[in-house]
Amino acid sequence: MADLATDTAGIQSPNPFWIASGPPGNSLRQVRLAFEAGWGGVVWKTVGGPVIDTANRYGGLDIYGRKLVGLNNIELISDRPTDVNLAEIAQAKAEFPDRAVIISLMVETEREAWHEIVKRAEQTGADGFELNFGCPHGMSERNMGAAVGQVPEYIEMITSWVKEVATIPVLVKLTPNITNIESGALAAKAGGADGVSAINTINSIIGLDLDTWETRPSVDGKGSHGGYAGPAVKPIALHMVSSIAHNPELSGLPISGIGGAHTWQDVAEFMLLGASTVQVCTAIMHHGFRLVGELETGLSNYLDSRGLASVRDLIGGSVERITNFGDFDLNYQVRAKIDPVDCIGCGKCIEVCRDNQVDCIDWATGTLNIGRIAEVDQTECIGCDLCSIVCPVENCITMEPQERTLAPMSWNQLNAEIGVPGSCANTSDITWEEFPTLIEGKVDSHGMDNPSTADVPALDA
Ligand SMILES: Cc1cc2nc3c(=O)[nH]c(=O)nc-3n(C[C@H](O)[C@H](O)[C@H](O)COP(=O)(O)O)c2cc1C
Ligand code: SF4
Ligand code: SF4
């Protein structure tokens, strides 16, 4: 069986599954249950100054009957006294010495306040700190959380204060509510952070009650923006993790991935994009601590099936596959192919291709009376992928790579070597009519020769 042990910025854990700072990691009682279930680490619910939470505080997003695809919260940091939290953290570490216990911290932006909490918290024997510069609601109105995380200079300043006294690894938890998360990661690194955690929750209003016109959650009729999490945010989190991993100036900076992880596949994806551990909050709020059993079995089986000895072999495995649009080979072509045996004749693909793409799917000749089957006109398909995404039958529509007739050619290559008609960067003498001979099929089928433009008179130059 593959080795699941991993290391994030020197913090060891027996598996990559950590509980993210939030409701599941707010007390010794819960952390005992979590560790007994098999979680490899916990980032304790953020410890800091006194807070008082509201009721209600959560809003769930259900889509097409699927519960909790997204979760919005207006919860603050831990509402338990700091000394109680710290005593319980020490006890948790003593009882489970092989698990990673990380303390999430958030105090006011004063050097002495940070020094004081770090020194007190270190006495617990915890393995690391996570600085919460991310919460987008409540605490940010008090100039903490995202109010810090949105200003790289503040991230660097507070991180450096913490590093002045901390003797255990320091992770900086970044907010996604910023134009470019790399700037936050760069600031954390400049401040001396040993690693980063990404992402915290995303600013959001989850929805309204159309009977009362109140937002959800409603606090006696009033609402506000909150922090969005859960499966729906995973694509945003993956992008942010990958952009940190991909930045050459951040090369080697350990990342703990967070945001929508729910299944072992999600964990594997975060790791392939550069995370060495993956934190989970909403999925535990939905399914409880037992979820870790499925994560562990699934990830172990996956590693074994691929002959990988360690989960560490996944880390960053896909980072180099993320590139710029200008480097894609424009001569790589796929076309949709429908399996006539699997097609149930629902017509969905015909509708979406007609209304969004090039109208190149129709019922196969002679099939209308015997159970209709859709068929793609291979000469017109531009390989956009939409029909295969909407088809309700798995693998009924596959995107088939086509035989190459032209050498690979990227947009950047075109600009540099040949020029693009009408391009600002490098206008060349080449015409759009000549273009299809360089770029296989593309211009021909979806641009120049679009049937809908055939009977449209040209505008005067
Ligand atoms: C109800 C709730 C409370 C949270 N409280 C904290 C917190 O105290 N400190 C913190 O750093 N992050 C907090 N978070 C953010 C989570 O740690 C995590 O970054 C986010 O929820 C995304 O992960 P998920 O999609 O697995 O929930 C909270 C999230 C939720 C849903
Ligand atoms: S969407 Fe799929 S099942 Fe429906 S007609 Fe098209 S190929 Fe057949
Ligand atoms: S891949 Fe796009 S263009 Fe080709 S058949 Fe499907 S929807 Fe139409």
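Helices are DSSP runs of H or I with at least four residues, strands are runs of E with at least two, and both are numbered from the N terminus. In these terms, Asp359 falls in the loop between α11 (348-356) and β16 (361-363). The structure described here is a predicted model, and the backbone makes a convenient starting point.

Most residues other than glycine have a negative phi, and most peptide bonds are trans. Against that background, a few places in the chain invite a second look. Asp359 is not a glycine, yet its phi is positive, at about 60 degrees. Asp359 counts as partly exposed because 14 other C-beta atoms lie within 10 Å, a number between the limits of 12 or fewer for exposed and 20 or more for buried. Asn395, also a residue other than glycine, has a positive phi near 65 degrees. Asn395 sits in the loop between α12 (386-390) and β18 (397-401), and because Asn395 has 9 C-beta neighbours inside 10 Å, it counts as exposed.

Two cis peptide bonds can be added to this list of backbone features. One runs from Ala198 to Ile199, with omega near 15 degrees; Ile199 belongs to the loop between β10 (195-198) and β11 (202-204). The other joins Arg216 and Pro217, with an omega of about -5 degrees, and Pro217 is placed in the loop between β11 and β12 (226-229).

Strands β11 and β12 lead on to the sheets. Both take part in an open sheet of four strands, ordered β5-β6-β12-β11 with antiparallel pairing. The edges are formed by β5 (58-63) and β11; each has a single partner strand, so one side of each is left without a neighbour in the sheet. From one strand to the next, the twist averages 40 degrees. Within this sheet, β5 and β6 (residues 66-73) are paired in the antiparallel sense over five bridges, and Ile63 has Arg66 of β6 as its bridge partner.

Parallel pairing is found around β4 (41-48). Two bridges link β4 to β3 (residues 17-19), the two strands running parallel, and here Ile19 stands opposite Val42 of β4. Six bridges link β4 to β7 (residues 100-106), again with the strands parallel; in this pair, Val47 faces Leu105 of β7 as its opposite residue. How many of the eight residues of β4 are buried? Eight of the eight are, so β4 is largely enclosed by the rest of the structure.

Val42 of β4 also appears in the account of the interior. In soluble globular proteins, nonpolar side chains tend to be buried together. In this model, the largest nonpolar core holds 91 residues, and those with the most contacts inside it are Val42, Ile102, Phe129, Val196, Ala198, Val241 and Val267. Ala198 is thus named twice, here as a core residue and above as one end of a cis peptide bond. Val267 offers a closer view of the packing: leaving out residues up to four places away in sequence, Val267 touches Pro16, Phe17, Ala261, Val278, Leu295 and Leu299. Apart from the largest core lies another, of 16 residues, including Ala336, Cys343, Cys381 and Ile397.

Three ligand surroundings complete the picture. Around ligand 1 there are 28 residues, the closest being Ala20, Gly22, Ala229, Cys281 and Thr282. At least two residues of this shell come from each of β4, β6 and α9 (282-287). By class, the shell of ligand 1 contains 12 nonpolar, 13 polar and three charged residues.

Ligand 2 is surrounded by 13 residues, with Cys343, Cys346, Lys348, Cys349 and Cys391 the closest; the shell comprises 10 nonpolar, two polar and one charged. Ligand 3 has 14 residues around it, of which Ala336, Cys353, Cys381, Cys384 and Cys387 come nearest, and this shell divides into 11 nonpolar, two polar and one charged. Cys343, named for ligand 2, and Ala336 and Cys381, named for ligand 3, are among the residues of the 16-residue core.

Further along the chain, Ile439 lies in the loop between α13 (411-418) and α14 (442-448). With 18 other C-beta atoms within 10 Å, Ile439 is partly exposed. Setting aside neighbours within four places in sequence, Ile439 is in contact with Leu330, Asn331 and Met409. The C-alpha atoms of Ile439 and Asn415 are separated by 13 Å, the two residues being 24 apart along the chain.

Conventions
Residues are numbered from 1 along each chain as its sequence is written. Chains are lettered from A and ligands numbered from 1 in the order in which they are written. This is a predicted model: local features need pLDDT of at least 70, side-chain atom pairs count only at pLDDT 80 or more; totals for chains, interfaces and linings use all residues. Two strands pair if DSSP finds at least two bridges between them. Axes are lines fitted to C-alpha atoms, for helices over the stretch in contact, and angles run from 0 to 180 degrees between N-to-C directions. A residue is near a molecule or strand if its C-beta atom, placed from the backbone, lies within 6 Å of it. Ala, Val, Leu, Ile, Met, Phe, Trp, Tyr, Cys and Pro count as nonpolar, Asp, Glu, Lys and Arg as charged, and the others, Gly among them, as polar. Two residues are in contact if their C-beta atoms, placed from the backbone, lie within 7 Å. A nonpolar core is a set of buried Ala, Val, Leu, Ile, Met, Phe, Trp, Tyr and Cys residues joined through C-beta atoms within 7 Å.
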